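Good morning, and thank you for joining this meeting. I shall present one protein model, beginning with a pair of side chains and then widening the view.

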Amino acid sequence: MPALSLRLPEELEHRLKEEAHREGVPRSEVARQAISDYLARREHEHFINELVAEARAGYGIAAVRDEALALVEDALDSDHEIAAERWWR
């Protein structure tokens, strides 16, 4: 496993040490988990941003918008109160 060296402000080092102590694991394990969580969150954010950009681009095309609205209308339960016309905005 490759090693990583970094400098932390004293307050962050203190918080890291305290969390590691509470969890009963090495500081490096807490740091690995924090980095993993951060990267997963950022990947999700990038995916959502790309999805929104694609949706906005597609909804600018009338045929794509109409097809998407038709799919939504098909998927909605009969007693669902969301207006399909407003869903894509």
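**Charged pairs, pocket and overall fold**

Arg42 and Glu45 both lie in helix H2, three residues apart, which is about one turn of the helix. Please bear in mind that this is a predicted model. The two residues form a salt bridge, in which the closest N and O atoms are 2.7 Å apart. As for their surroundings, Arg42 is partly exposed, with a relative accessible area of 32%. Glu45 is also partly exposed, and its relative accessible area is 30%. As a general remark, side chains of opposite charge can pair when their charged atoms come close.

How many salt bridges does the count give? It comes to four, and I shall describe two others besides the pair just named.

Let us stay with helix H2 for the next one. Here the side chains of Arg32 and Glu29 meet in a salt bridge, with 3.1 Å from N to O. Why are Arg32 and Glu29 separated by about one helical turn? The reason is that they stand three residues apart in helix H2. Arg32 has a relative accessibility of 39% and counts as partly exposed. Glu29, at 32% relative accessibility, likewise counts as partly exposed.

The next pair belongs to helix H1. Glu19 forms a salt bridge with Arg22, and their closest N and O atoms are 2.8 Å apart. Because Glu19 and Arg22 are three residues apart in helix H1, about one helical turn separates them. Is each partner buried or exposed? Glu19 is partly exposed, with a relative accessible area of 26%. Arg22, by contrast, is exposed, since its relative accessible area of 57% lies over the 50% cut-off.

I turn now to helix H2 as a whole. This helix covers residues 27-59, which makes 33 residues. From its first C-alpha to its last it reaches 48 Å, close to the 48 Å expected at 1.5 Å a residue. Which residues of H2 are buried? They are Val30, Gly58 and Tyr59.

Helix H2 also brings us to the largest pocket, whose volume is about 630 Å³. Of the 19 residues that line this pocket, those closest to its centre are Leu6, Arg27, Ala31, Arg32 and Ile35. You will recognise Arg32 from the salt bridge with Glu29. Which helices supply at least two residues each to the lining? Helix H1, residues 10-23, and helix H2 both do so. The largest share of the lining, seven residues, comes from H2. In chemical character, the lining divides into 12 nonpolar residues, two polar and five charged.

Finally, let us consider the protein in full. There are four helices and zero strands, and the pattern read along the sequence is α-α-α-α. What percentage of the 89 residues counts as buried? The figure is 10%. The protein exposes about 8100 Å², of which carbon and sulfur atoms supply 53%.

To close, I would draw your attention again to Arg32 in helix H2. This residue pairs with Glu29 in a salt bridge, and Arg32 is also among the lining residues closest to the centre of the largest pocket. Thank you for your attention.

How values were computed: Residues are numbered from 1 along each chain as its sequence is written. This is a predicted model: local features need pLDDT of at least 70, side-chain atom pairs count only at pLDDT 80 or more; totals for chains, interfaces and linings use all residues. Side-chain values use heavy atoms; hydrogens and water are left out. The expected span of a helix is 1.5 Å times one less than its number of residues. Buried means under 20% relative accessible area, exposed over 50%, partly exposed in between (1.4 Å probe, protein chains only). On a 1 Å grid over the protein atoms alone, a cavity is a set of points where a 1.4 Å probe fits but cannot get out, and a pocket is an open set with protein on both sides within 12 Å along at least five of seven lines; lining residues have an atom within 4 Å of a point. Grid points are joined across faces, edges and corners, and a volume is the space filled by probe spheres set on the points. Ala, Val, Leu, Ile, Met, Phe, Trp, Tyr, Cys and Pro count as nonpolar, Asp, Glu, Lys and Arg as charged, and the others, Gly among them, as polar. Accessible areas come from the Shrake-Rupley method with a 1.4 Å probe; for residues, only the protein chains shown count as cover.
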